[in-house]
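Student: Before we go through this chain, I would like to ask what stands behind each of the terms used for it.
Tutor: Then let us set values against cut-offs, one term at a time.

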Amino acid sequence: MPVITAPHAFNESQLYVDLEPIFGRSLYLKCEGFNFAGSIKLKAAIEMVETAERDGVLKPDSILVESSSGNLGVALSIIAASKGYRFLCVTDSRCNLSTRLLMEALGSQVHIVADLDANGGFLGARIDYVRELCASDDRYVWLGQYTNPGNWRAHYRTTAPEIAEEFPELDVLFIGAGTTGTLMGCARYFREWHRPVRIVAVDSVGSVAFGGKPGRRMIPGLGMSMRPPLLDESFVDEVIRVEEADTIRACHRLARRGFLFGGSTGTVVSGAMDWLSRHDTRGLTAVGIAPDLGERYLDTIYQSNWLEALYGDELLLDEEEITKDPRGGEPRSRASRRRPDA
Ligand SMILES: Cc1ncc(COP(=O)(O)O)c(C=O)c1O
């Protein structure tokens, strides 16, 4: 029975969902949303804060400041509240309302940047704001998740060994890329492992993380509007890019089977299923990482008005056709669902 006194002391690290019954291909999805921060970013937050404490950078009167699309902000809010620091999260208008309210409920301050930068993202504007703040008052401490080695080290120390322990025969690992902390920590760990593991980075179309044209991205978490400073592509075997429409279809397909995951999980699952469909998967052990759960996205990814306004009303029609009867029947159409007695 785990008994804790600090909110960041608990993290479920052994839970996997086998997606074979839902997608027809085996992929073990490592669920990282079961902790008090609700996401994988708790790991990076702990590592970065505790390193800053050890290095004497964080002092009792320090004010933590960080640019985050939400999940790191929530994780830092929890740690700051528990340890007695003040915390200011600099985010942008893509941050979900519920995430913002959550940070405020935990006692943090939230600043929302509304101006797009030259790459069509908000990141440059968010970072400029943080820099100005730090220059104006030396109580501000910016952990800098985009450059802080603690971000990847957290996953080298925890996420990767957790997977290695459960899957000694692992062949391929699918990892969504935002700051690339998760990607680089896992990739570095498995490079040193007893057998080769194919490291597949999953990015969103419109992200410039691995090159490519900038474009509209509405789902927070994955993708970057600049090249991630932590990224070292020599550790990455392959990059796959996923359209947001496919991300949303994957999220809804999972939700219709009772698994409500966040947007980046939809991206990882969609990219992984596409990859698996193009390879010989006999005897292959494949794992993907699900960074968070879906409740934070009820007013976006799981809200029909939001979806229709951005992607049109055809987006989920195919998905409705594909959704199988959980009792094992044939695919059900929209019409047959509307009239269950038909
Ligand atoms: C939901 C979600 N998915 C994926 C990521 C990407 O993880 P990383 O920054 O380690 O690349 C993040 C990062 O904030 C996230 O919040």
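Tutor: In this predicted model, 45% of the 342 residues of the chain count as buried, a label that requires 20 or more other C-beta atoms within 10 Å of a residue's own.

Student: What makes the chain as compact as a globular protein of that length?
Tutor: Its radius of gyration is 20 Å, and the globule rule gives 20 Å for 342 residues, so the chain is as compact as a globular protein of that length. The C-alpha trace spans about 65 × 50 × 45 Å along its principal axes, and the chain contains 13 helices and 10 strands.

Student: Why do strands E5 and E6 stand at the edges of the sheet?
Tutor: The sheet is an open one of 4 strands with parallel pairing, in the order E5-E4-E3-E6. Strand E5 (109-113) and strand E6 (140-142) each have a single partner strand, so one side of each is left without a neighbour in the sheet. From one strand to the next, the twist averages 25 degrees.

Student: How do you know that E3 and E6 pair?
Tutor: Pairing requires at least two bridges, and strand E3 (residues 63-67) and E6 have 3 bridges in the parallel sense; therefore they count as paired. Ile63, for instance, has Tyr140 of E6 as its bridge partner.

Student: Which helix packs on this sheet, and what is its direction relative to E4?
Tutor: Helix H3 (residues 71-83) packs there, touching both E3 and strand E4 (86-92), and its direction makes about 170 degrees with that of E4.

Student: Why is H7 called oblique to H8?
Tutor: The axes of helix H7 (residues 159-166) and helix H8 (residues 181-191) come within 8 Å and cross at roughly 50 degrees. Angles under 35 degrees count as roughly parallel and those from 65 to 115 as roughly perpendicular, and the crossing angle falls in neither range, so H7 is oblique to H8. The contact involves Thr159, Ala160 and Pro161 of H7, together with Thr182, Gly185, Cys186, Tyr189 and Phe190 of H8, and the crossing is right-handed.

Student: Why is Leu260 classed as partly exposed?
Tutor: Leu260, which lies in the loop between helix H9 (244-255) and helix H10 (263-277), has 19 other C-beta atoms within 10 Å. Buried would require 20 or more and exposed 12 or fewer, so Leu260 is partly exposed.

Student: Which residues does Leu260 touch, leaving aside those up to four places away in sequence?
Tutor: Leu260 touches Ala255, Leu293, Gly294 and Glu295. Although Gly294 is 34 residues from Leu260 in sequence, their C-alpha atoms are 4.8 Å apart in space.

Conventions: Residues are numbered from 1 along each chain as its sequence is written. This is a predicted model: local features need pLDDT of at least 70, side-chain atom pairs count only at pLDDT 80 or more; totals for chains, interfaces and linings use all residues. Helices (H or I, at least four residues) and strands (E, at least two) are DSSP runs, numbered from the N terminus. Axes are lines fitted to C-alpha atoms, for helices over the stretch in contact, and angles run from 0 to 180 degrees between N-to-C directions. Two residues are in contact if their C-beta atoms, placed from the backbone, lie within 7 Å. The radius of gyration is taken over C-alpha atoms; the globule rule is 2.2 Å times the number of residues to the power 0.38. Angles under 35 degrees count as roughly parallel, over 145 as roughly antiparallel, 65 to 115 as roughly perpendicular and the rest as oblique. A crossing is left-handed if the near helix is turned anticlockwise from the far one by less than a right angle, and right-handed if clockwise.
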